[in-house]
Amino acid sequence: SSPLNLSVSTVPGSPNQLSASWSPPIPKNFIITVYCNTSASQAYPEQVIGPNVATVRSVVNGTTLTATFNTGLNPYTKFDCYVTANTSVGEGFSSQVATGRTAESYPSSPLNLSVSTVPGSPNQLSASWSPP
């Protein structure tokens, strides 16, 4: 059977991580592999998690499994994920696809800050910068 009840969520305070949880399939002698990649509608370049980024072995009966990905993911990026169970015979059916988004992050500092006087205006300054 396939892993069930997959959910993907942010890791609070960690804009470069995702957490995935699921119920294990039957039988219990397997290796779990989690696959995630950026959603097709995402404006950023594709970023793939897996295969073999998160593997889980030796599951206790009835336990919900959780894996946290710490792979330098882009902040505030939407990912579509699914889970498969593998045995020595091969890969089983995949779970349903679950979508999650990494947390937002503080922006970096503006670049190329320049401040100058405004000609003919002794009480004004002009500032320009490049976005972060």
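The paragraphs below lead through a predicted model, from its overall make-up to single residues and then to a patch on its surface.

The protein has 132 residues, and its secondary structure consists of 11 strands with 0 helices. Read from the N terminus on, the elements therefore run β-β-β-β-β-β-β-β-β-β-β. Of the residues, 36% count as buried, while the accessible surface of the protein comes to about 8,200 Å², with 52% of that area belonging to carbon and sulfur atoms. The contacts also say something about how the chain is folded back on itself in sequence terms: among contacts between residues at least 6 apart in sequence, 59% join residues at least 24 apart.

A good place to begin is the start of the chain. Ser 2 lies in the segment before β1, and it counts as buried because its relative accessible area is 17%, where the limit for buried is under 20%. Leaving aside residues up to four places away in sequence, Ser 2 touches Pro 25, Phe 93, Ser 94 and Ser 95. A further link across the sequence is given by Gly 92, which is 90 residues from Ser 2 along the chain although the two C-alpha atoms are 6.4 Å apart in space. Gly 92 itself belongs to strand β8, which covers residues 90-94, and with 33% relative accessibility it counts as partly exposed.

Strand β1, residues 4-11, contains Asn 5. This residue is exposed, since its relative accessible area is 55% and the class begins over 50%. The backbone of Asn 5 deserves a look as well, because most residues other than glycine have a negative phi. In Asn 5, by contrast, phi is near 55°, a positive value in a residue that is not glycine.

Tyr 76 offers a second case, with a positive phi of about 50° although it is not a glycine. Tyr 76 is placed in the loop between β6 and β7, and its 42% relative accessibility makes it partly exposed. Its ring also has a charged partner, for the charged end of Arg 101 sits over the ring of Tyr 76 at 4.4 Å from the ring centre. Pairing between aromatic rings, on the other hand, is absent, as the structure holds 0 aromatic pairs. The loop between β6, residues 65-70, and β7 also holds Asn 74, which is partly exposed with a relative accessible area of 28%. The C-alpha atom of Asn 74 is separated by 7.3 Å from that of Pro 15, a residue 59 places away along the chain.

What lies on the strand that follows this loop? Strand β7, residues 78-87, includes Thr 84, and at 0% relative accessibility Thr 84 counts as buried. Its surroundings can be listed residue by residue: when residues up to four places away in sequence are not counted, Thr 84 touches Pro 3, Ile 31, Ile 32, Thr 33, Tyr 35, Glu 91, Phe 93 and Ser 94. Two of these neighbours have been met before, since Phe 93 and Ser 94 are also among the residues that Ser 2 touches.

Further along the chain, Ser 108 is found in the loop between β9, residues 98-101, and β10. Ser 108 counts as partly exposed because its relative accessibility is 48%, and the exposed class needs over 50%. Its C-alpha atom is 8.9 Å in space from that of Pro 131, and the two residues are 23 apart in sequence.

The last stop is on the surface. Which residues make the nonpolar surface patch? Leu 113, Val 115, Leu 125 and Trp 129 make it, and its area is about 490 Å². As for the strands behind it, β10, residues 111-118, and β11, residues 121-130, each supply at least two residues of the patch, and Val 115 in particular has its place in strand β10.

Taken in order, then, the path has gone from buried Ser 2 before strand β1, past buried Thr 84 in strand β7, to a nonpolar patch to which strands β10 and β11 both contribute.

Technical notes: Residues numbered from 1 in each chain as written. Predicted model: local features only at pLDDT ≥ 70, side-chain atom pairs only at ≥ 80, totals over all residues. Heavy atoms only, no water. Patch = residues over 30% accessible without salt bridge, like charges linked within 9 Å, V, L, I, M, F, W, Y side chains within 5 Å. Areas by Shrake-Rupley, 256 points an atom, 1.4 Å probe, with all protein chains shown as cover. Salt bridge = Lys/Arg side-chain N within 4 Å of Asp/Glu carboxyl O. Helix = DSSP H or I, 4+ residues; strand = E, 2+ residues; numbered from the N terminus. Buried < 20%, exposed > 50% of the residue type's maximum accessible area, 1.4 Å probe, protein only. Contact = heavy atoms within 4.5 Å. Phe/Tyr/Trp six-rings, centres within 6.5 Å; stacked < 30°, edge-to-face > 60°. Lys NZ or Arg CZ within 6 Å of the ring centre and 35° of its normal.
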